Structures are given as C-alpha cells and as structure tokens.
Amino acid sequence: MRIGRSTFQLDHLPSIAGFAAVAGKKEGEGPFGNKFDMIFQDGLFGEKTFEKAESKMQKEAATLAIQKSGLTPDQIQLVFAGDLLNQCVGSNYGIRDLKIPFVGLYGACSTMAESLALASLSVDTNLVDHALAVTSSHFCSAERQFRYPLEYGGQRPPTAQWTATASGAVIVGKSDKPPYAKHVCIGKIVDLEVTDINNMGAAMAPAAADTIKRYLEDTKTTPEQYDLIVTGDLGQVGSTLLVQLLQLDKIDISQRHKDCGLLLYDQKTQDVHAGGSGCGCSAAVLCSHFLKELQLGRLQDILFVATGALMSTVTNQQGESIPGIAHLVHLSSHKGKERE
C-alpha cells in the first residue's frame, strides 16, 4: 500500500532470509573485521585486474547469501545488483554465472537501499518468492575511474572519503524469521549545486534529509520510534550537515543517527579522512552488523538510508553540479506495529 507520494507499506512483511558481507584487507582491519563472511588479503583477489576482482567479490557475496538462506541459485527468481563502474560491469560479470534474471541498477552509493527496496517490493507484491539484492565497490577500480590514476598519488583534502573495497548481498523472501522489511521510501533527486568531487557528503546530505523527512511525515512517526537511523555513506561532513538540515525542520535525529561511512573504519587508526564511501560500504556494514543485530533482537527497528552522488566523470569535467539521492528501507525484528 502506498502511503503519501513515495512511501510504501509492505503488508506481507518480506523477510531477510540470508545475507553475507565480503571485504578487502583494509576493511578487515576495521571495527567489523571479525563479522565479515570473507576477507580478501590481496586487492586483486587472485585476478588480473581490479575490475575482475570486484566482480569476483560480488559473486562471492551473492553465493554466500544464497547458501546461508538455504536456497540454490535456481530458486532465486530475480536479482537487483549495481556498482560504481561504467555500465555496472562489476555486477554484470559478477552475477552472470549464477544465471538469475538480472536487473542492473545505478544509484551510486545508494544502490544497496535501492536494490533492497526493489527486492522487498517484488516479494511483497507476489511478483517473486525470492529476490537477491547485492552491491559492491572497490577502492582501486572506482578511484581510477572517477578521479585519477592510482599511480598519480594526489593529495586528498580532509573532506574526501575512502571508497570501500567490499560487497554485501541480501536474499529477500517469504518467511516467519526476522529481520522483516516493513516500509520502503523511494528518494527524489536533490541538488543544492555542490560541485566538489572530493566532498560527496555535502552533495548527499540534502537528499538524505529530504527522504527521512518525507518518510516520517508519510508514516506519522518520529525518530524516537526507531532504535537507529542508519545512513550510508555521508561521512563526517555529510553526517553533520544532515543533522543540521533536519533540525531546521524541527526534526532531531542526533541521538539516533549512525553513518556507515563512520562505522566501517577506525577513524583514529585508519587514514580515511572524512570516512568511508562506495556502494560496498553501507552494504557491508548492513550485512555484517545491523542485520545480525535485528535477527538476534538486540535492535528492533532501524531506518536504513543509503545515499548516492549521481555524477559522472564527464559531467564533473563539464562543471555540472552533483545531484544526490537517498532511498530508505524500514527494517524490523518483529511483525507487530508496536515495539516489543
């Protein structure tokens, strides 16, 4: 059922039947290192190129999630997948051997919430019984596509974020086991004319504020009714701006807000400047930590709000601004309307 203009209430409560997170060496050295299903110590993952390495990483995450759900690839009827590379080649080549009907997505760093939202809607409306949502990013493949050759070694400003080498995958299906997807809010493109390619947080924060505000208005809820409002990946700059922007509308999320870009790495010991970013950042944090907490009942209700900067190298070189977008999924450990 649609509530408001862009929020959907999922009446049949699709379940997260399986999930997995795969990460690189730097991510494995961070706070969630012992929670990942697999950590690659070599940035090439035994492949010849970083692009092939990213595809392998995404395939591993998807395969592990399917195995943990107790299903086989033949039982997955639809996959929603995306990454940061041109024509989504990380996903195209990563998923091809699984032979699952495929929908390629590009929402930049918002792709995990976008794919999870679409998978949940597909199951809730009985289009499919099981759907796979998976995203990935790789520091080396993304940096040399969007910024400079890796050999360039340019100095990064304090507002820059570190593209995560990671992948997360989720199987959405019909089950009585938590976590459940309760609501989906599809984001709008929001553009406040930010042009600095090294300040993604400032470009994405307005979109996150817009989506969160509209969701709360549509559902007639308040931040206090959720354990956490989890964004990804605003980093330090974007997280500060998000709280300030919502306060202008008299919405205070300061006591509920966590950002995946600030959680994936140890800000004190790992040099990631303003935090982590990339399609794989929020996906890996969601699939290694938050879904487990919901599954165990240690968290009851969270809003997962992944954010993306919708630019390309061409538009940036042409002086275009950087539009942002944020999609939201309400995830819960219980079926009832009231928190336990």
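Reader: What share of the 340 residues of the protein chain counts as buried?

Author: The share is 60%. Buried means under 20% relative accessible area, exposed over 50%, and partly exposed in between, with a 1.4 Å probe and protein chains only. This is a predicted model, where local features need pLDDT of at least 70 and side-chain atom pairs pLDDT 80 or more, while totals for chains, interfaces and linings use all residues. Residues are numbered from 1 along each chain as its sequence is written, and side-chain values use heavy atoms, without hydrogens and water.

Reader: What makes F45 buried or exposed?

Author: Its relative accessibility is 3%. That falls under 20%, so F45 counts as buried. F45 lies in the loop between strand 4 (38-40) and helix 2 (50-68). Helices (H or I, at least four residues) and strands (E, at least two) are DSSP runs numbered from the N terminus.

Reader: And what makes Q87 buried or exposed?

Author: Q87 has a relative accessible area of 66%. That is over 50%, so Q87 is exposed. Its loop runs between strand 5 (78-82) and helix 3 (89-95). Phi of Q87 is positive, near 55 degrees. F45 also has a positive phi, of about 55 degrees. Most residues other than glycine have a negative phi.

Reader: Why is E320 called partly exposed?

Author: E320 has 44% relative accessibility. This value sits between the 20% and 50% limits, so "partly exposed" is the right term. E320 is in the loop between helix 10 (313-317) and strand 15 (324-332). Leaving out residues up to four places away in sequence, E320 touches T195 and T315. Contact means heavy atoms within 4.5 Å.

Reader: How do you know how compact the protein chain is?

Author: Its radius of gyration, taken over C-alpha atoms, is 18 Å. The globule rule, 2.2 Å times the number of residues to the power 0.38, gives 20 Å for 340 residues. The two values are close, so the chain is as compact as a globular protein of that length.

Reader: What makes a set of residues a nonpolar core?

Author: The members are buried Ala, Val, Leu, Ile, Met, Phe, Trp, Tyr and Cys residues, joined through side-chain atoms within 4.5 Å. Here the largest core has 51 residues. L116, V170, L291, F304 and L331 touch the most other members. Helix 9 (residues 279-295) gives the most to this core, with nine residues. Apart from it lies another core, of 34 residues, including A108 and L234.
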